[in-house]
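Here are my notes on the two-chain model you asked about. I've kept them as numbered points so you can follow along with the structure open.

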Amino acid sequence: MWVTVVVPSHGRHLRLLWLLNALAEQTLAAPWEVVVVHDYGADVAERILDRHPLAGDGRLRHVAIEPGTGSPARQRNIGWRAARGRLVAFTDDDCRPEPEWLDRLVASVRDPDADVVQGLTRPDGLEHHLLAAPHFRTLLTDPPGPYFQTCNIIYPRALLERLGGFDERAISGEDVGLAFRARSAGTHVVAARRAIVNHAVESHTLPGMVRENLKWRHLAYLVKRHPEVRDDLVLRVFWNRDHLAMTAAVAGLAAARRDRRALALAAPYALRAAGRRGGGPRARVTALAELPGQSVRQLAEVAGMAAGSVRHRTLLL
Amino acid sequence: MRIALLDDGGVDALADALRAAGCDVAVVRAPPVAAAEALLSRRGFTGPLSHVPVLVARLRAGFDVAHAFTAVDAAAAQAWRRLGGGRVVFTCRETLDRSGVADRRLRLATLSRAVERSDAVAAASEPVRASLLRWLAVDAPVVDPGDAAAQLRLYAAAG
């Protein structure tokens, strides 16, 4: 049974190379291929993709799109529509699948026209030192989860065709939107905890992290399209508990000019932030030193989501 | 041509060979600050880094070529080039593998800049060349660190 691995890539050509190196070590015996959809120039594409051993083996194809015209949804749609496989596995260019990843995902498929199989994604152990950075991004998903993150999942091509693929109007959360449509269509989800993808741990500067997280403002579109997402939100409005605590802290600080007791509203945020690095004395000092930067980051996230709420006319913070 | 060899603990033989070939060579040293390195390491940074400001300052003594042997030193030499310095040559001596290309903060950034923004890049051995190709997609020539004539050709290629 043919399997196609679809990878959208933008701005991470070296990590894409490392992903291809990891894919070249897959143990799956069945025929499989990789389709990379990217917006790199011809020189980078030649260096990273055309010269890669997977291309020499005829397993790697790539589709170049105009720089600045891509989005994860559009790139994944281009990728699966170009796929030869009856099964389409998705992963990302900042991931490192274990050698048995594809084999174990495919082995978990019982109905190749209906089952969705979700693997386990964890922060890459080779990059765990970066967790010491004040601002980092990585991912942990323990299947079966509700959001079907596309860093580690396999869809039947027939199902993708029935669902119309990813919603290209979604700037972020396009995988979650597809998950809700798949579940509404009665799709059976299989957890494959031994199909492991290691997700990069990337540290950012504070401005870089704020920029990176601004994309989450578009999640309001997802909530508008799929109101059932609210069932998983904190108080059906807040994306996570940190956002609730930050919003309460801002309200408390604003109200404290009239009544100092309102400052108590900031206490939950301060307590959460102080415990962010663990319970030891050094961890507390580190967390307190990081508190100003974390506050700015989370305030920017909440403000961005408020802006998204206005744009998409539904409240999500 | 004034050549600065950025000392990583193994440039003396190359310096002697280049001097014997008639070059004006200086070995530029900037020792890391142990306390700063310990703090940076605890915060997940690659190292050593604390010597970079002094290294850049010492390069401003007026060189035509800065030859670095570590990714961080290459990044420092590139900073010197942006301040009006000369060419930057990077010879990679380290055999790279996946566990060491992004294991610490600034590691990937310094490695990728070292190979993509230096004026010339070389590998110190065949295993290093193969690892550069596999992990950074750079096909660098192997240049024997003790071969002064080959090094001079590398500096000319950087120009």
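**Notes on the model**

1. Let's start in chain B, where His67(B) sits in strand β3, residues 65-68. Bear in mind throughout that this is a predicted model. His67(B) is buried, at 0% relative accessibility. Its side chain has a polar partner, the side chain of Tyr155(B), at 2.6 Å. Leaving aside residues up to four places away in sequence, His67(B) touches Ala4(B), Leu5(B), Leu6(B), Leu14(B), Val89(B), Thr91(B), Gln151(B) and Tyr155(B). So Tyr155(B) turns up both as a polar contact of that side chain and in the list of residues touched, because heavy atoms within 4.5 Å count as a contact.

2. Now for the interface. On the chain A side, 22 residues are in contact with 19 residues of chain B. The two chains bury about 1,900 Å² between them, and 53% of that is on carbon and sulfur atoms. Which three residues of chain A give the most area here? They are Trp18(A), Leu126(A) and His129(A), which supply 30% of what chain A buries against chain B, more than any other trio.

3. On the polar side of that interface, there are 5 salt bridges between chain A and chain B. One to look at is Glu25(A) with Arg134(B), where the closest N and O atoms are 3.0 Å apart. Residue pairs in polar contact across the two chains, both partners at pLDDT 80 or more, come to 11.

4. Where does the chain A side come from? The elements giving two or more residues to it are α1 (13-23), α2 (42-50) and α12 (281-312) of chain A. The largest share, 6 residues, is from α1(A). By type, the residues on this side of chain A split into 9 nonpolar, 5 polar and 8 charged.

5. Helix α2(A) deserves a second look. Its buried residues are Val44(A), Ala45(A), Arg47(A), Ile48(A) and Leu49(A). What do they pack against? Within chain A, the partners are α1, β2 (32-38), α3 (53-56) and β3 (60-64). From chain B, α5 (107-117) and α6 (126-136) join in.

6. Helix α5 of chain B also holds Arg113(B). This residue counts as partly exposed, at 39% relative accessibility. Apart from residues up to four places away in sequence, Arg113(B) touches Gln78(B) and Ser118(B). Gln78(B) is 35 residues away along the chain, yet the C-alpha atoms of the pair are separated by 8.7 Å.

7. Cysteines: the count over all chains is 0 disulfides. Cys95(A) is in none, and its nearest cysteine sulfur, on Cys151(A), is 5.1 Å away. That pair does not qualify because the sulfur atoms would have to be within 2.5 Å. Is Cys95(A) buried or exposed? Cys95(A) is buried, with a relative accessible area of 4%. Over in chain B, Cys92(B) is buried too, at 2% relative accessibility.

8. Last, a loop residue. Ser108(A) is in the loop between α5 (101-107) and β6 (116-123) of chain A. At 19% relative accessibility Ser108(A) still counts as buried, because the cut-off is under 20%. Beyond residues up to four places away in sequence, Ser108(A) touches Val117(A), Val190(A) and Ala192(A).

Conventions
Residues are numbered from 1 along each chain as its sequence is written. Chains are lettered from A and ligands numbered from 1 in the order in which they are written. This is a predicted model: local features need pLDDT of at least 70, side-chain atom pairs count only at pLDDT 80 or more; totals for chains, interfaces and linings use all residues. Side-chain values use heavy atoms; hydrogens and water are left out. Buried means under 20% relative accessible area, exposed over 50%, partly exposed in between (1.4 Å probe, protein chains only). Buried area is the accessible area (1.4 Å probe) that two parts lose on being put together, summed over both. A salt bridge is a side-chain nitrogen of Lys or Arg within 4 Å of a carboxyl oxygen of Asp or Glu. A polar contact is a pair of N or O atoms within 3.5 Å; within protein, one must be able to donate a hydrogen and the other to accept it, and residues adjacent in sequence count only if both atoms are side-chain atoms. Helices (H or I, at least four residues) and strands (E, at least two) are DSSP runs, numbered from the N terminus. Ala, Val, Leu, Ile, Met, Phe, Trp, Tyr, Cys and Pro count as nonpolar, Asp, Glu, Lys and Arg as charged, and the others, Gly among them, as polar.
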